[in-house]
Amino acid sequence: IYSKAKVCRPNEPTKCLMYEPGIINLFAKSRNYSELLWAWKGWRDAIGPKVRTDWERIIEIENIGARENNYTDEGAAWRTNYQVSNLRGKVEKLWAQLRPFYLQLHSYVRYKLKQEYGDHVNLTGPIPAHLLGEIWAMSWLNIYNITKPYPNVNAFQVDEGMKDMNYTTHDMFVLADNFYQSMGLPAMPDNFWKYSMFTRPKNRSVVCYASASDMGHDKQGNEDVRIKMCAVVNANYLYTVHHEMGHCQYYLAYNEAQPPEFRAGANNGFHEAIGDTAALSVINPTHLKKLGILKPVDAENKHQQNINFLLRRALEKVAFFPFSISLEFWRWDVFSGKITNQHLNAGWWENKLKYQGIYPPVERTEHDFDPASKYHVTSGTPYIRYFIAHILEFQLYETLCKLSGHKGPLHLCDFQGSKVAGRHFRKMLEMGNSKHWEDILRKLSGSCHMDAGSTLRFFKPLTQWLKQISYCHKWFYRKWWFTLSRGYPYRLYFDSKKVARFLRSYQYNLDKWRRIDGLATFARETNITKHNTAVHTKTSLEFTKWLLKKQKIAAKFSLRGLSCDQTRMIKSIRKSSSCKEPALRKEKVRKRNRITAIYSKAKVCRPNEPTKCLMYEPGIINLFAKSRNYGELLWAWKGWRDAIGPKVRTDWERIIEIENIGARENGYTDEGAYWRTNYQIRNLREQVEKMWAQLRPLYLQLHSYVRYKLKQEYGDHVNLTGPIPAHLLGEIWAMSWLNIYNLTKPYPNVNAFQVDEGLKEMNYTTHDMFVLADNFYQSMGLPAMPDNFWKYSMFTRPKNRSVVCYASAWNMGHDKQGNEDVRVKMCAVVNANYLYTVHHEMGHCQYYLAYNEAQPPEFRAGANNGFHEAIGDTAALSVINPTHLKKLGILKPVDAETKHQQNINFLLRRALEKVAFFPFSISLEFWRWDVFSGKITNQHLNAGWWENKLKYQGIYPPVERTEHDFDPASKYHVTSGTPYIRYFIAQVLEFQFYEILCKLSGHKGPLHLCDFQGSKVAGRHFRKMLEMGNSKHWEDILQKLSGSCHVDAGSTLRFFKPLTQWLVKENKRLGNKIGW
């Protein structure tokens, strides 16, 4: 029944496939989900139900015979071949060695299959059993082209090479014979060539499954060993030919050396291992290049070739380990009665799930008998031999490689031609089973124990690569998350349909609510009145109420059986830190509105002159940009903090308390922990600290140089070996030191960056700056800003009304007519700082436009919050740049002799803005995380703030500050409750993005002089990344653009490399102390 089984097309009874070559070829080549499913189910249906009753009776008879011969069952009789106690326990130990590697492979393959088959594959679950390139999922070799790590490196074009060299099936057998002879082993006898079946004969039914046979000697006394297979010319059969001829070599050796009783393998696993050991040396880049079947690859691609080769080998070898034990452990449990006849199929699939992490793509019941689809189950052939053989082949291979004198990576060893290795190999073969197999193993390898160490050493480079790539993509889950139940997968599919309906409704309404809430918030921030505040409060509370309602519904859904996108969406909807108590939510909104209003209306008034007051924009900004009067700066610095901090502290503390209540109600330790989940990585703080450790040496050099220059300006107010007074750095928060550029300019006589003057000379208006930014993005192939942008944005501070000036971008989705609606809000003036800010905020808008078009509402967000901030800054690095500004005519070219000085001036100016910001951002957010966690208590809020400022920034308050003060509130993001670590991550990312876009644009030369304006190639890659929104893990999205999944400060350091070198020399020349 098995040998004649066919799978016929529905309603086409003449169009049928047998196992060889039809089904083999279909699974090797087809990527049609339904077609594979048809063949997978059809093959099982053609055999299982027809043989089950007979098979059950055979098991019964075999158990009767086993017990009559004093075995507990037939499985116990089979295990005696290995002459060890607790064989199952030993196999489990070997599997425990291999399982971590298999899990990495499984996760990587599952990810690749997800890319191929979409929602048919769930990234957190087992794999559908019919998608792995083979009818049994025993070998995954046929999906190599889907999973190939480096698609452009042709590491294993064996089939093509053999075709080019006009190989026939007979040639493959000659090649194998020559291989064994090269090691001093005997040639195949005449009977081998006379009686073997190499290919499928026509017009008769045969069992094609490849096998070797020992016929002893014919009547004339000639050796008679043979093989049977239906070979075709390809890499798979080249391997199989060497494997089966290995059996024949074993036969010849022990037939000559041993009496008939000992003419057998040391154990059944040995027999399978012999040919595989040789085949490892043959199906190997080193050997195949010798034969001319493979062409050498470029030296630069050698690592990629090795990874491709090892992945291909792992798909065959490593995937097999759990397949083999899932089969044999099932059969042993059937023999023992642990699995009864009423649960044969269920037990089979439980093992498949447990060991292989696969599941049936359609419902299977006890009417089916899927184990019978495997020849060895139907024929009653013990199978644990193949698991043991795979362990032994690597062990034997490593030993023969050492004997042949091989040096280098194990997977590149070819021991062809080594008579030393051949002599030791032949001696082991001659022993047959005349000794205990452990003694025979020790004779060759020096160890009597089977061990998976050789396997792991063979695959070590691949293991390292898989770990790296799985860390990037977060693929690695140690357990598949569901067990099989009757009715699977239909029950889960029904849940999936309900989830799909819920998500469609949710996304439609989410779009509407986001617009309603966004319009109310924008109206309030561009016109702070009691009415607008009341509308905003009401809308915000209603939106939150709606979200909470949907979160409760989403929490009821099981994630089992959902697609990856559905799972990601449901998890995102569930994610919340809002309090369950409506009164607390309402209290938080009101208090937040009150303290942000205090912030937005804050003024600093001259002593005894209450009408002469400065608001933050433009008054305080301008004062810190221009004044060098120590006392005046101190007045404004202290006044700003006094105007906000004490007035908001009580409300702010209560808001933190409410936020922590909500976070804990939703399963987070505190609100800071909830914020950090946006980044989906463990120990975000540690990761940020590592990046800061990369950047800190540059910052220390900058701090030391700036302190020296401030000492020259302010004399005894500055200590050359201590921290810097916080009000002297050109900005109210010491966040950016850009405004003290003129004090710190390395080469004062080189006008490298007179952007404000250039803009003024060219009569730029604020509107012109926005047009300039729009043109920049369009030059890269990105879309123009829509009409609503120009209609509704707030570019400058309006007269006669209070507004929140802090620059921001807004995504309003689409208006009633379906037109795109993105906006910005700021109080811009014409200068270099705002030219930068305009490009930054328009970058947010480009992100909105891209993912609004490409993604469903739930994925319309930055890959993480840092990404959103980085996008515009990436463009701005290309704009606020001597190369670009000279193109625009804003900057005049400098004399060629002063080019180095110009570069240093430019980089120092950029460092005052960018490098100075890094410690500012982490000092703020680390402080806030510690407040959320309770490490910093309400009694030490201000002290904790200044401890962080000293530790990270090396600054201190110029006047005494106490717990009556609340200086953190002087920063808008603290008052408004906006997470801030995004800005640190954004600044690291912007240099990373900038460097890759520069490479894509073809830039050559120093990184800091790159301008990618006009590069459609760079723009196309940039847009693709923007369109992904947060539909994937941010590290996947980062890798898509940059080739690396890690946020790394290396690009930042390369950008500033010329300045770093200059600062080190200058500080040494001046005798400046590094640090405080």
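Begin where two parts of this predicted model meet: between domain 1 and domain 2 an area of about 1,600 Å² is buried, and carbon and sulfur atoms give 51% of that area. Select Glu20, Tyr82 and Lys317 next, since these residues supply 32% of the area that domain 1 buries against domain 2, more than any other three residues.

To see the two partners whole, colour residues 2-151, 317-382 and 467-484 as domain 1, and residues 158-300 and 396-451 as domain 2, following the domain assignment of the protein. If you mark the C-alpha centre of each domain, you will find that the centres of domain 1 and domain 2 lie 27 Å apart. The contact itself takes 16 residues from domain 1 and 21 residues from domain 2.

Now look across the interface for charged partners. Side chains of opposite charge can pair when their charged atoms come close. Between domain 1 and domain 2 there is 1 salt bridge, and selecting lysine 317 together with aspartate 276 shows a salt bridge in which the closest N and O atoms are 3.9 Å apart. Between these domains there are also 7 residue pairs in polar contact, counting pairs with both residues at pLDDT 80 or more.

Stay on the side of domain 1 that touches domain 2, and display helix H1 (19-29), helix H4 (87-117) and helix H15 (375-379), which are the elements that give two or more residues to that side. The residues of this side of domain 1 divide into 6 nonpolar, 6 polar and 4 charged.

Widen the view to the whole structure, which holds 50 salt bridges. Return to the pair already selected: lysine 317 lies in helix H12 (residues 302-317) and aspartate 276 lies in helix H10 (residues 268-282), so this salt bridge ties together parts that are 41 residues apart in sequence.

The next stop concerns aromatic rings, of which the structure holds 86 pairs. Select tryptophan 927 and tryptophan 945, whose rings form an edge-to-face pair, with 5.2 Å from centre to centre and 90° between the planes. Tryptophan 927 belongs to helix H37 (residues 917-933) and tryptophan 945 to helix H38 (residues 941-953), so that the pair links distant parts of the chain, 18 residues apart.

Finish with the backbone. Most residues other than glycine have a negative phi, and most peptide bonds are trans. Zoom in on glutamate 20 and proline 21, which are joined by a cis peptide bond with an omega of about -5°, and note that proline 21 lies in helix H1. Then move to glutamate 617 and proline 618, where a cis peptide bond has an omega of about 0°, and where proline 618 is found in helix H25 (residues 616-626). What sign does the phi of asparagine 70 have? Although asparagine 70 is not a glycine, its phi is positive, at about 70°, and you can find asparagine 70 in the loop between helix H2 (33-68) and helix H3 (74-79).

Definitions and conventions. Residues numbered from 1 in each chain as written. Heavy atoms only, no water. Domains from an automatic or database assignment. Contact = heavy atoms within 4.5 Å. Buried area = accessible area lost by both parts, 1.4 Å probe. Salt bridge = Lys/Arg side-chain N within 4 Å of Asp/Glu carboxyl O. Polar contact = N/O pair within 3.5 Å; in protein donor to acceptor, adjacent residues only side chain to side chain. Helix = DSSP H or I, 4+ residues; strand = E, 2+ residues; numbered from the N terminus. Nonpolar A, V, L, I, M, F, W, Y, C, P; charged D, E, K, R; others polar. Phe/Tyr/Trp six-rings, centres within 6.5 Å; stacked < 30°, edge-to-face > 60°.
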